[in-house]
Each structure stands twice: as structure tokens, then as C-alpha cells.
Amino acid sequence: MAPLIALIVGSALARLAGLAGVSALDGWHPALRVGLALMFVLTGIAHFVGQRRADLIAMVPPRLPRPDLLVTLTGVLELTGAVGLLIPATARLAAAGLGLLMLAMFPANVSAARRGLLLAGRPVTPLGQRTILQLVFVATAAAISFGP
């Protein structure tokens with residue numbers, strides 16, 4: 001749920017900054033870029049920190065090789081994509097790449113839910129709820145990629 005909160009709160013605060021006169025944030029499109037970037041900074045950092053990293057490694061479907069390397073790679077891509085979202089010239093490409101990354105990582109979420117794994121000591125998000133969240137996140141990336 002923290003990624004959704006980061007997306008919503010980050011977007012809302014960025015939009016308020018735009019309304020307060022920060023011209024770079026004047027509109028929903030740049031505000032969504034900030035919110036999605038904040039979300040990916042939050043999730044990207046988790047790929048490198050303590051128990052969350054171990055839990056993410058455990059989420060990788062068993063048939064895939066080197067889950068530790070995959071978690072590191074996806075964390076780097078998430079953080080790089082977050083930076084790309086904040087640069088107007090690269091924002092659309094970064095959002096498209098992050099959307100594809102989310103689709104590629106979704107099977108790990110399905111696998112984790114089916115195996116009843118934990119993330120930060122709590123059960124992973126149930127599959128139905130996770131699917132809805134994933135649709136929201138991918139739709140946000142698509143809105144940035146194809147928006148105004």
C-alpha cells in the first residue's frame with residue numbers, strides 16, 4: 001500500500017506546488033511524473049535494504065536464475081527510471097520503460113501471492129488487490145508516456 005500512497009501523495013503535493021506557482025509542476029502530467037518517481041524511489045530502495053531485499057529475492061519465481069542479481073537489476077532500473085521521469089526530455093521514455101518493467105515483474109507478485117510469502121514481515125498483497133494496484137501503476141505510466 002505504501003507505493004500507492006507515495007504515488008497519490010507525491011502527485012497531489014506536486015500539483016499543489018504547481019498551483020502555488022512552481023511552473024514546472026503546473027498541470028497534472030508533471031505532477032504524475034513526480035508521484036510516480038517518488039513511488040519508484042520508494043520501491044527501488046527496497047531492492048537494496050535489509051530484510052526487504054531478502055523478501056524480494058524470495059519473491060522471484062524459483063525457475064528464474066540468480067534472483068539476487070534480478071532484484072539488483074530491477075532496483076537499478078526503478079531508480080534510474082525515477083530520475084528519468086523528472087527530466088522532461090526523458091520522461092515519456094522512462095515511463096514507458098517503467099510500465100514494461102512493471103509488467104515483466106508482475107509474475108513475481110503472482111508467484112509470491114500463490115506461495116504465501118512475506119514482505120517486511122507481513123503477507124504479500126493478495127493477488128486480486130495486487131492486480132488492481134498494478135493496473136493503476138501501469139495506467140499512470142501509460143498516461144505519462146502518451147499524455148500531453
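Start by selecting H5, helix H5 (91-115): with nine residues, H5 gives the largest share of the lining of the largest pocket. Helices here are DSSP runs (H or I) of at least four residues and strands are runs (E) of at least two, numbered from the N terminus. You're looking at a predicted model, where local features need pLDDT of at least 70, side-chain atom pairs count only at pLDDT 80 or more, and totals for chains, interfaces and linings use all residues. Residues are numbered from 1 along each chain as its sequence is written, and side-chain values use heavy atoms, with hydrogens and water left out.

**Stop one: the pocket**

Stay with that pocket, which holds about 1,100 Å³ of space. Of its 44 lining residues, select Leu56, Met59, Asn109, Leu119 and Arg130, the closest to its centre. The elements that give two or more residues to the lining are helix H1 (2-19), H2, H3, H4, H5, strand E2 (122-123) and helix H6 (127-146). A pocket, on a 1 Å grid over the protein atoms alone, is an open set of points where a 1.4 Å probe fits, with protein on both sides within 12 Å along at least five of seven lines; lining residues have an atom within 4 Å of a point. Its volume is the space filled by probe spheres set on the points, which are joined across faces, edges and corners.

**Stop two: helix H3**

Now select residues 50-59, helix H3, and pick out its buried residues: Asp55, Leu56 and Met59. They sit on the same side of H3, because they cover an arc of only 100° around the axis (the arc is that of the directions from the helix axis to the C-beta atoms). Buried means under 20% relative accessible area, exposed means over 50%, and partly exposed is in between, with a 1.4 Å probe and protein chains only. What do the buried residues of H3 pack against? Show helix H2 (28-46), helix H4 (67-86), helix H5 (91-115) and strand E1 (118-119).

Next, click Arg52, also in helix H3. Arg52 is partly exposed, at 40% relative accessible area. Leaving aside neighbours within four places in sequence, Arg52 is in contact (heavy atoms within 4.5 Å) with Ala46, Leu119 and Ala120. Try a C-alpha to C-alpha distance from Arg52 to Gly121: the two are 69 residues apart in sequence and 8.9 Å apart in space.

**Stop three: two positive phi angles**

Ala120 deserves its own click, in the loop between E1 and E2. Its phi is positive, about 60°, although Ala120 is not a glycine. Most residues other than glycine have a negative phi. Ala120 is partly exposed, with a relative accessible area of 38%. Then go to Arg66, in the loop between H3 and H4, where phi is near 50°, again a positive value in a residue other than glycine.

**Stop four: two leucines**

Buried or exposed: which is Leu85? Select this residue in helix H4 and you'll find that Leu85 is buried, with a relative accessible area of 0%. Not counting residues up to four places away in sequence, Leu85 touches eight residues you can highlight one by one: Arg33, Leu36, Ala37, Ala91, Ala94, Ala95, Leu98 and Ile144.

Move on to Leu127 in helix H6, which is partly exposed at 29%. Beyond its neighbours within four places in sequence, Leu127 is in contact with Phe106, Val110 and Ala113.

**Last stop: a charge over a ring**

Finish with Arg15 and Trp28: the charged end of Arg15 sits over the ring of Trp28, 5.9 Å from its centre. That label requires NZ of Lys or CZ of Arg within 6 Å of the ring centre and within 35 degrees of the ring normal.
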